Amino acid sequence: MEKEVLKKYIEAGKIAKSVLDYAEKLVLKEKCLSVLELAEKIEAKIFELGAEPAFPVNISINEIAAHFTPELHDKELVIKETDYVKIDVGVHIQGYIADTARTIRIAGEDELIICAREMLEEALKIARPGVEVSEIGKAISEVAESYGLKPIRNLTGHGLERYKLHTGISIPNVPFGKGVLEEDKAYAIEPFCTNGYGAIKDSDRATIFMVLEDRPLRNPAARKVLDLTRKYNGLPFAKRWLQKQIPQTTLELALKQLVEAKVIHAFYILKEVAHGNVAQFEHTVVFDGDKAIITTR
Ligand code: MN
Ligand code: MN
């Protein structure tokens, strides 16, 4: 891997880890129980440390597995002691991404959390260029089984490239799937564990979006959304970020039209199908040649 590129991946990883440490402290000290306040503080910290969010911070609680970030009006949403709070932070430096997540619970860790962390550790132990992704999925699912818990079969880790958050191969939580990890590439490995059924489904609400295709638009509000989000270079953005710049009803309508026209993609909030609790841990691993560097450790 090019020295300059590797340096940026490593720097992004360091910042993402610091931000997650900061977030964990805020939650555990119960000084920041409002999810909205927590999200705004986390994203401000990313900028403060000299990077940019690679996506809006995801703060997904209990049966919500992923893709939730608060909106500006989510003022009543607070973290409770026994909540499983998954904080998923994305940071980039000039497009080179670090993607990392932890599950935090004020009341203390239980087997669900311990299991999810172990799933990630076992996956990282065998993550090397040339390894079949199904082998990683096997290691992950065996840990879950040993605890009598379930891996989430329809969520996966993913390749990372410059300004591309989900690209290349998928790294499953179950022993299926084709493809091998490759030298000089970056990957996010993120097992999800549940005491529910072991799968997620889309809900009908989205608070995170991403531009798919930039094209000329007639509707002025839709055009404005596209203008305001061009600076994210195809990385996901929060509805919350736009709520500070566009009136709510105009924004809702513009987003709806843009999603229907397939100009932007909506990341629907993902919920465990049996309403089980979900725990997740994630690290970014970069291969310099065949040497593994966990940038977010
Ligand atoms: Mn993530
Ligand atoms: Mn990820």
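This briefing walks through the metal sites, strands and aromatic contacts of the structure above. Please keep in mind that the model is predicted. A good place to start is Asp 99, which bridges the manganese ion (ligand 1) and the manganese ion (ligand 2). From there we can follow strand β4, where Asp 99 lies, into an open sheet of three strands, and then visit the aromatic pairs, which come to five in the count.

**The two manganese ions**

- The manganese ion (ligand 1) is held by Asp 88 (OD), listed twice, together with Asp 99 (OD) and Glu 282 (OE), at 2.0 to 2.3 Å.
- Along the chain, the donors of the manganese ion (ligand 1) follow the spacing D-x10-D-x182-E.
- For the manganese ion (ligand 2), the coordinating residues are Asp 99 (OD), His 158 (NE2), Glu 190 (OE) and Glu 282 (OE), at 2.1 to 2.2 Å.
- The donors of the manganese ion (ligand 2) have the spacing D-x58-H-x31-E-x91-E.
- How far apart are the manganese ion (ligand 2) and the manganese ion (ligand 1)? They lie 3.1 Å apart, and Asp 99 coordinates both.

**Where the metal-binding residues come from**

- Asp 99 belongs to strand β4 and His 158 to strand β6 (residues 156-161), so this pair ties together parts that are 59 residues apart in sequence.
- Is Asp 99 buried or exposed? Asp 99 has a relative accessible area of 3%, and because the cut-off for buried is under 20%, Asp 99 counts as buried.
- His 158 is buried as well, at 3% relative accessibility.
- Asp 99 and Glu 282 also link distant parts of the chain, 183 residues apart: Glu 282 sits in the loop between β13 (278-280) and β14 (283-288).
- Glu 282 is buried, with a relative accessible area of 0%.

**The sheet that carries Asp 99**

- Three strands make up an open sheet in the order β1-β3-β4, with antiparallel pairing.
- Which strands are at the edges? They are β1 (52-61) and β4, each of which pairs on one side only.
- From one strand to the next, the twist averages 10 degrees.
- Strand β3 (residues 85-93) pairs with β4 in the antiparallel sense over nine bridges, and Ile 93 stands opposite Tyr 96 in β4.
- Helix α2 (residues 35-48) lies across β1 and β3, and its direction is at about 155 degrees to β1.

**Strand β12 and its partners**

- Strand β10 (residues 200-211) pairs with β12 in the antiparallel sense over eight bridges; here Met 210 stands opposite His 265 in β12.
- Strand β2 (residues 64-66) pairs with strand β12 (residues 264-272), also in the antiparallel sense, over two bridges.
- Which residue is the bridge partner of Ala 66 in β12? The partner is Leu 270.

**Aromatic rings**

- Among the five aromatic pairs is that of Tyr 9 and Tyr 96, an edge-to-face arrangement at 5.3 Å centre to centre, with 70 degrees between the planes.
- This pair links distant parts of the chain, 87 residues apart, with Tyr 9 in helix α1 (residues 3-28) and Tyr 96 in strand β4 (residues 96-104).
- Tyr 9 and Tyr 96 are both buried.
- Tyr 232 and Phe 237 form a stacked pair, 6.0 Å centre to centre with 20 degrees between the planes.
- Tyr 232 is buried at a relative accessible area of 17%, and Phe 237 is buried at 0% relative accessibility.
- Phe 209, Tyr 232, Phe 237 and Trp 241 make up one aromatic cluster.
- Turning to a charge and a ring, the charged end of Lys 45 sits over the ring of Tyr 22, 4.5 Å from its centre.

**A loop residue, Asn 195**

- Asn 195 is in the loop between β9 (192-194) and β10.
- At 45% relative accessibility, Asn 195 is partly exposed.
- What does Asn 195 touch, not counting residues up to four places away in sequence? Its contacts are Leu 112, Leu 149, Gly 276 and Asn 277.
- Asn 195 and Val 35 are 160 residues apart along the chain, and their C-alpha atoms are separated by 24 Å.

Key:
Residues numbered from 1 in each chain as written. Chains lettered and ligands numbered in written order. Predicted model: local features only at pLDDT ≥ 70, side-chain atom pairs only at ≥ 80, totals over all residues. Heavy atoms only, no water. Phe/Tyr/Trp six-rings, centres within 6.5 Å; stacked < 30°, edge-to-face > 60°. Helix = DSSP H or I, 4+ residues; strand = E, 2+ residues; numbered from the N terminus. Buried < 20%, exposed > 50% of the residue type's maximum accessible area, 1.4 Å probe, protein only. Lys NZ or Arg CZ within 6 Å of the ring centre and 35° of its normal. Pairing = 2+ DSSP bridges. Axes fitted to C-alpha atoms, helices over the stretch in contact; angles between N-to-C directions. Contact = heavy atoms within 4.5 Å. Donors = N, O, S within 2.8 Å, 3.2 Å for Na, K, Ca; no water.
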